[in-house]
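Reader: Could you walk me through the ligand site here, and then one of the strands?

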Amino acid sequence: MANRDPTSWMRAEYESLVAQSLDWKLRVLQGPSAPRSIVDGKTVIMLCSNNYLNLSNHPKVKRAAREAIKTHGAGSGSVRPIAGNMDLHEELERRIARFKRREAALFYMSGFAGNAGLISQLAGDGDAILTDELNHGSIIDGVRLTKAQRIIYRHRDVGDLERALKEADVSAKKILVVSDGVFSMDGDIAPVGEIAKLSESFGAMVYIDDAHGEGVLGDGGRGVASHFHVEEKIQVELGTFSKALGVVGGYVAGSNDLRNYALNKSRTWLLSGSHPPAVTAACTAAIDVLETEPRHVKKLWSNTKYFKKRLVSLGFDIGRSETPITPVMLGDSATAKRFSDRLFEEGVFALPIVYPMVAKDKARIRNIVNAGLKRQDLDDALAAYEKIGKELSVIA
Ligand SMILES: *Cc1c(COP(=O)(O)O)cnc(C)c1O
């Protein structure tokens with residue numbers, strides 16, 4: 001059809017998102033992501049970054065990035081398997097493995113690239129992947145890239161996981177169980193101890209995506225497997241430097257066999273240029289800070305406990321959160337959006353999470369507590385919550 005317009009569908013699609021208020025409106029940070037940041041020209045208390053420990057501003061981490069540019073340049077020049085494997089990458093992987101108390105680690109461009117590139121190679125035709133219904137989108141995409149049978153089990157429901165394992169056990173050659181460690185919308189923790197034990201009894205491999213648990217849970221921030229003391233029963237731990245570690249980049253940690261297999265098979269790893277020196281060295285420095293300065297994780301938790309306790313005593317419903325991810329449940333999406341806009345006017349930056357990211361009646365503001373926030377920042381944010389909560393009749 002000569003009169004076919006090749007791109008008008010894009011605008012139609014976009015306009016329909018706008019009409020439903022489902023489009024993203026991008027805010028602009030004019031400076032670092034910090035406990036008090038400048039966003040769209042206004043200084044606000046940051047309650048929605050993933051920079052839990054404020055390591056993106058840590059002097060050691062920033063210095064490591066500057067030094068690496070001096071010694072190694074701005075880019076790596078290639079993919080890792082050809083000419084882009086620098087001593088900095090190898091050093092980082094040794095440090096990740098040591099920190100995670102694992103044999104080996106492999107550094108990916110991102111956590112997303114890790115999930116997409118590795119899950120897709122761990123199971124295939126004739127195998128089964130068992131996945132929590134609320135797993136992260138990058139896990140869902142990784143699963144979609146395989147021919148394995150996909151069995152979804154109910155959120156954090158170990159009984160339903162057992163049902164799925166029995167179903168898979170009948171015919172699957174290999175079974176892979178995949179779960180987020182901490183779920184990013186509710187801040188609840190997967191029952192990783194029970195998942196590990198149950199999976200072991202079926203000879204299934206366990207893959208935990210701990211993007212929101214690294215630097216937050218476990219001994220010294222070693223993550224959810226450490227939190228439940230089941231490291232030896234989890235064969236694959238995926239983590240990211242884009243959240244608590246304050247930089248960017250994903251990794252998997254596990255056995256030497258896992259690393260050897262992953263680096264020969266993951267296409268997102270093999271076919272994508274490696275991280276620049278600045279990023280790689282900053283990630284190593286971030287691990288160094290976690291190992292040598294335990295105060296950041298401690299402060300994160302004392303801030304979290306204070307903020308949650310005060311929100312609950314004001315009368316807010318914080319759902320089933322067990323971590324610094326603290327939703328304030330508001331019901332319908334219009335209220336959540338209005339609440340977030342008013343918070344911004346009052347100097348607090350926290351975004352609404354609405355349908356389709358969560359159910360229609362489960363709209364909320366999602367706060368992420370940060371170790372860099374001072375008591376005064378939290379009190380200022382809580383005062384705004386109280387004022388707006390009353391204004392919008394969410395609390396009495
Ligand atoms: C953020 C996140 C990812 C993606 O990590 P990036 O390194 O930012 O790509 C993967 N899984 C989960 C559970 C996440 O929350």
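**Reading the ligand shell**

Author: Sure. In this model 13 residues surround the ligand, counting those with a heavy atom within 4 Å of it, and the closest are G111, D209, T240, S242 and K243. It's a predicted model, where local features need pLDDT of at least 70, side-chain atom pairs count only at pLDDT 80 or more, and totals for chains, interfaces and linings use all residues. Residues are numbered from 1 along each chain as its sequence is written, and side-chain values use heavy atoms, with hydrogens and water left out.

Reader: Which helix gives the most to the shell around the ligand?

Author: Helices here are DSSP runs of H or I with at least four residues, and strands are E runs of at least two, numbered from the N terminus. Helix α4 (residues 111-122) gives the most, with three residues.

Reader: Which polar backbone atom is 2.6 Å from an oxygen atom of the ligand?

Author: A polar contact is a pair of N or O atoms within 3.5 Å. That backbone atom belongs to G111; a backbone N or O atom of F112 lies 3.0 Å from a ligand oxygen, and a side-chain N or O atom of S242 is 2.7 Å from one. The protein covers 87% of the 380 Å² of accessible area that the ligand has on its own (Shrake-Rupley, 1.4 Å probe).

Reader: And strand β10: is it mostly covered or mostly open?

Author: Buried means under 20% relative accessible area (1.4 Å probe, protein chains only). In β10 (residues 325-331), six of the seven residues are buried, so by that definition the strand is mostly covered.

Reader: Which strand pairs with β10?

Author: Pairing takes at least two DSSP bridges. β10 pairs with β13 (residues 363-368) in the antiparallel sense over six bridges, and P327 stands opposite R366 in β13.

Notes
Buried means under 20% relative accessible area, exposed over 50%, partly exposed in between (1.4 Å probe, protein chains only). A polar contact is a pair of N or O atoms within 3.5 Å; within protein, one must be able to donate a hydrogen and the other to accept it, and residues adjacent in sequence count only if both atoms are side-chain atoms.
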